[in-house]
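Student: I have a new structure to look at and would like to talk it through with you. Could we go over it together?

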Amino acid sequence: GGFAVVVVAAGSGTRLGHGIPKALVALDGRPLLEHALRGIRCAGLTGPVLVTVPAGDVELSATARAHGARPVTGGASRAESVREALTELARSEPACTAVLVHDAARCLTPPEVFRTVVDRLRAGERAVVPVLPVADTMRRVDDAGRSLGTVDRTVLRAVQTPQGFDLALLRSVHRAAAEAGTDPGSVTDDASLVEAHAPGTTVLTVPGHEHAFKITRPLDLVLAEAVLRGRAP
Ligand code: C5P
């Protein structure tokens, strides 16, 4: 079976402040989703691509279809959106055995990050996550903002996407989280579900890339425009 890609794009984009779904926000005149889908094809991924879209969406769905991807109505949280996509994948692509879950908001992720994740899955890993070292000094704090001390940042990594999984594993940990009553709003990525619900399974980290940052706040859009200008046309 082949690789499928789930692009989560059902977020509202509240922090970006454009009043439209984030994946529709323009970057160099084209929606973030279009950049994300182009990046996936550039990486040589030719399998099915599912895009989670907000309920009632028309425009994002049209963008997805125009670029060879299939829209799926997402849920109230990222984790619920992934779950909806996995359900649709089981229905429409029963031969799939592995899946990459990617944030549409990380639309400038270079092809080599996708390839590294895919290579490790092909080599038999079941959960693969791109990460970067953290640049800032990291500190834990209490509710009142008092410092509880500095954390050794050399053992910390910032987590990116695409995250790659054995499809049966990802399905089972999403099901287990739902059955355990985990608040889906508290689940910020998929690999954390593997650690919570498939103990003993190795989550392998691989090098991420600076350009795979998540476009979240207005400053990130400025940065993204600059990254695009610096790329060969
Ligand atoms: O909100 P956050 O930045 O963590 O969202 C990460 C990704 O998850 C975004 O690409 C967003 O579109 C997606 N998402 C989703 N469904 C939701 C919320 C977020 O697909 N209900």
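Student: What does the side chain of R15 have within reach of the ligand, and at what distance?

Tutor: Bearing in mind that this is a predicted model, an N or O atom in the side chain of R15 lies 3.0 Å from an oxygen atom of the ligand.

Student: And S81, which ligand atom is its polar side-chain atom paired with?

Tutor: For S81 the partner is a nitrogen atom of the ligand, and the polar side-chain atom of S81 lies 2.7 Å from that nitrogen.

Student: What about A104, how far is its polar backbone atom from the ligand?

Tutor: In the case of A104 a polar backbone atom is involved, and it lies 3.4 Å from an oxygen atom of the ligand.

Student: OK, and how much of the ligand's accessible area does the protein cover?

Tutor: On its own the ligand has 460 Å² of accessible area, and the protein covers 84% of that.

Student: How many residues surround the ligand, and which are the closest?

Tutor: There are 16 residues around the ligand, and the closest of them are V8, A10, G11, G75 and S81; S81 is also the residue whose side chain has the 2.7 Å pair with a ligand nitrogen.

Student: How does that shell divide by class?

Tutor: The shell around the ligand consists of six nonpolar, five polar and five charged residues.

Student: Where does the ligand sit, in terms of pockets?

Tutor: The ligand sits in the largest pocket, which holds about 760 Å³ of space.

Student: Which residues lie nearest the centre of that largest pocket?

Tutor: Of the 31 residues lining the largest pocket, R15, K22, R78, D103 and K214 lie nearest its centre, and R15 is the residue with the 3.0 Å pair to a ligand oxygen. By class, the lining of the largest pocket has eleven nonpolar, 13 polar and seven charged residues.

Student: Moving on, how much space lies in the second largest pocket, and what lines it?

Tutor: The second largest pocket contains about 610 Å³ of space, and its lining is made of 19 residues, with L132, A158, Q160, F213 and K214 nearest the centre. K214 is thus named for this pocket and for the largest pocket.

Student: Which element gives the largest share of that second lining?

Tutor: Helix 7 does, with three residues of the lining of the second largest pocket, while strand 7 (127-133), strand 10 (157-159) and helix 7 (218-229) each supply at least two. That lining divides into ten nonpolar, three polar and six charged residues.

Student: How many cavities of 30 Å³ or more are there?

Tutor: The structure holds one cavity of 30 Å³ or more, and the volume of the largest cavity is about 30 Å³. Its lining is formed by A79, R83, H174, A177, T182, P184, V187 and L193, with helix 3 (78-92) and helix 5 (167-179) each supplying at least two of the lining residues. Five of the residues lining the largest cavity are nonpolar, two are polar and one is charged.

Student: Last topic, the backbone: which residues does the cis peptide bond join?

Tutor: The cis peptide bond joins T161 and P162, with omega at about 10°, and P162 lies in the loop between strand 10 and strand 11 (163-166).

Student: And what is the phi of D28?

Tutor: D28 has a positive phi of about 55° although it is not a glycine, and D28 is found in the loop between strand 2 (26-27) and strand 3 (30-31).

Key: Residues are numbered from 1 along each chain as its sequence is written. This is a predicted model: local features need pLDDT of at least 70, side-chain atom pairs count only at pLDDT 80 or more; totals for chains, interfaces and linings use all residues. Side-chain values use heavy atoms; hydrogens and water are left out. A residue is near a molecule or strand if one of its heavy atoms lies within 4 Å of it. A polar contact is a pair of N or O atoms within 3.5 Å; within protein, one must be able to donate a hydrogen and the other to accept it, and residues adjacent in sequence count only if both atoms are side-chain atoms. Accessible areas come from the Shrake-Rupley method with a 1.4 Å probe; for residues, only the protein chains shown count as cover. On a 1 Å grid over the protein atoms alone, a cavity is a set of points where a 1.4 Å probe fits but cannot get out, and a pocket is an open set with protein on both sides within 12 Å along at least five of seven lines; lining residues have an atom within 4 Å of a point. A molecule sits in a cavity or pocket if more than half of its atoms lie within 2 Å of its grid points. Ala, Val, Leu, Ile, Met, Phe, Trp, Tyr, Cys and Pro count as nonpolar, Asp, Glu, Lys and Arg as charged, and the others, Gly among them, as polar. Grid points are joined across faces, edges and corners, and a volume is the space filled by probe spheres set on the points. Helices (H or I, at least four residues) and strands (E, at least two) are DSSP runs, numbered from the N terminus.
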